[in-house]
Amino acid sequence: MFSLPPQCTILPMLALAIPGSLGAQIVVYEGFNEYSADTQVESGANQTPGTGLNGGAGWGGAYDVSNFIKSLVRIEDRTSSPVHYANGEITIPGGDRALRFYDVANGSYAVQRPLGTTFSAAAGDTVWFSILFRTNNASPLANQDLFQIGFDESAAATNPRVSIGANTTSTTFPAPFHFFARSTGMASASAFYSSLPIAAFTTYLLVGRIQPHAGTYETVSLWVNPSTSDNPGPVSASSTQPSGLTTLSHFLIRTTNLELNDVYVLDEWRIGRDYGSVVQSLRNALQIHSANPPGVAPTLRWPASLTGVVLETSTTLAPESWTEVTGPFTPSGAESQYSLPMSPGKPCGFYRLRR
């Protein structure tokens, strides 16, 4: 058995770690890399029941794809061309797999999946989420395609009442194709990011935030292509309308007006409780969780979705004193864990994540 001397506080660098605090954590992650290429997200022939893929971390169940379009929603091999985003301080490398919608993959809903965590407006839960979005359509983009990504409170939902997405701004063709934020299920509640028409064969980082007010979720904000890891900057679009939602428990994608040869590719989904957790920021990513029961080693935890990082330790904080910690690391839901090797007489240490 061991105990930490009262003067010995182990603080992860880049974060003020409060023992036992959940703090700034990613809650749900999906990178698609664990699935085989060209696999349907839900098995079986169209218009028949099937079994959904059930990977990723932090989810409450498997994927459910509309039975009418199951053959059109697949895992794509992106080995030769990852869905990669790099802008300023943010780099999110998509792996060798991504999610692809082919041709007339229209559905209300198209894809649905339950969350492992239910967010509550009454509890003041703010939801942050991010996704890499790419269209491989040939330009110009028009014909009122709708690609909607959002949340609702029921498995029976078909139109997510808080969402972001892409749509044409009018029914006059050819119409500009823009990203939007929307609260409620009404198209008229959309706030468009009119400064940036969506280009073909281009990867975008979309960051959304859903905020509660007086016990319901009302405000959806969107940032397109943020470049800093600590602050998303000026909002690209924001909609405030009473959605009627008191909880968020299901993730949904809705599509309409997709035509033959339309292609949409999504990758690197993150859902969290703050901005940094969904853009791979190292700030507040590393945390200490105190021993429970006493005598069990405390653990360091960080989002498993962080890529290209190493854990380092030092006893002095001198620049040349940092050494890499090689593990063993243990996966736990959406997190990676490292049990601190505590023993009597072992010096106190500092820990940090570094790219």
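Guide: A residue counts as buried when its relative accessible area is under 20%, and as exposed when it is over 50%; between these it is partly exposed. The model discussed here is predicted.

Visitor: Is Phe179 buried or exposed, and at what relative accessible area?
Guide: Phe179 sits in strand S11, residues 177-183. The cut-off for buried is under 20%. Phe179 falls below that cut-off and is therefore buried, with a relative accessible area of 1%.

Visitor: How far apart in space are Phe179 and Asn167, C-alpha to C-alpha?
Guide: In sequence, 12 residues separate Phe179 from Asn167. In space, their C-alpha atoms are apart by 6.5 Å.

Visitor: Which residues does Phe179 touch, leaving out those up to four places away in sequence?
Guide: Contact here needs heavy atoms within 4.5 Å. Among the residues that pass are Gly165, Ala166, Ala191, Ile198, Leu206, Leu222 and Val224. The list also holds the aromatic residues Phe133, Phe192, Tyr193 and Tyr204.

Visitor: How many aromatic pairs does the structure hold, and what kind is the pair of Tyr63 and Trp269?
Guide: A pair of aromatic rings is described by the distance of the centres and the angle of the planes. The structure holds 20 aromatic pairs. For Tyr63 and Trp269, the centres are 6.2 Å apart and the planes stand at 75°, so the pair is edge-to-face.

Visitor: How many residues apart in sequence are the parts that Tyr63 and Trp269 tie together?
Guide: Tyr63 lies in the loop between S1 and S2. Trp269 lies in strand S17, residues 263-272. The pair therefore ties together parts whose separation in sequence, in residues, is 206.

Visitor: Are Tyr63 and Trp269 buried or exposed?
Guide: Both rings belong to one aromatic cluster, which includes Phe32, Tyr35, Trp59 and Phe251. Tyr63 and Trp269 are each buried.

Visitor: What is the angle between the ring planes of Phe179 and Tyr204?
Guide: Both Phe179 and Tyr204 are buried. Their rings form an edge-to-face pair, 5.1 Å centre to centre. The planes meet at 70°.

Visitor: Which strands does the pair of Phe179 and Tyr204 tie together?
Guide: The two residues are 25 apart in sequence. Tyr204 lies in S13, residues 202-213, and Phe179 in the other strand, so the pair ties together S13 and S11.

Visitor: Which members of the largest nonpolar core touch the most other members?
Guide: In soluble globular proteins, nonpolar side chains tend to be buried together. The largest nonpolar core here has 54 residues. The two that touch the most other members are Phe101 and Trp269.

Visitor: Which residues are in contact with Trp269, leaving aside neighbours within four places in sequence?
Guide: The list includes Val28, Tyr29, Glu30, Phe32, Trp59 and Tyr63. It continues with Leu99, Ser130, Ile131, Phe251 and Ile253.

Visitor: How many salt bridges are there?
Guide: Side chains of opposite charge can pair when their charged atoms come close. The cut-off for nitrogen to oxygen is within 4 Å. By this rule the count is 12.

Visitor: How close do the N and O atoms of Lys70 and Glu42 come?
Guide: Lys70 is buried at 0% relative accessible area, and Glu42 is buried at 5%. The two form a salt bridge, and the distance of the closest N and O atoms is 3.8 Å.

Visitor: Which residues form a network of salt bridges with Glu76?
Guide: Glu76 is buried at 9%, and Arg78 at 6%. Their side chains meet in a salt bridge at 3.0 Å, N to O. The network links Glu76 with Arg78 and Arg100.

Visitor: Which strands does the salt bridge of Glu312 and Arg352 tie together?
Guide: The closest N and O atoms of Glu312 and Arg352 are 2.8 Å apart. The residues are 40 apart in sequence, and each lies in a strand, so the pair ties together S20 and S24.

Visitor: Is Arg352 buried, exposed or partly exposed?
Guide: Its partner Glu312 is buried, at 6%. Arg352 has 22% relative accessibility, so Arg352 counts as partly exposed.

Visitor: In what order do the strands of the open sheet with S20 run?
Guide: The sheet has 3 strands, and the pairing is antiparallel. The order is S21-S20-S24.

Visitor: Which are the edge strands of that sheet?
Guide: An edge strand pairs on one side only. That applies to residues 323-325 and to residues 350-354, which are strands S21 and S24.

Visitor: Which residue in S21 stands opposite Thr313?
Guide: Strand S20, residues 310-314, is joined to S21 by 3 bridges. Opposite Thr313 stands Thr323.

Key
Residues numbered from 1 in each chain as written. Predicted model: local features only at pLDDT ≥ 70, side-chain atom pairs only at ≥ 80, totals over all residues. Heavy atoms only, no water. Helix = DSSP H or I, 4+ residues; strand = E, 2+ residues; numbered from the N terminus. Buried < 20%, exposed > 50% of the residue type's maximum accessible area, 1.4 Å probe, protein only. Pairing = 2+ DSSP bridges. Core = buried A, V, L, I, M, F, W, Y, C linked by side-chain atoms within 4.5 Å. Phe/Tyr/Trp six-rings, centres within 6.5 Å; stacked < 30°, edge-to-face > 60°.
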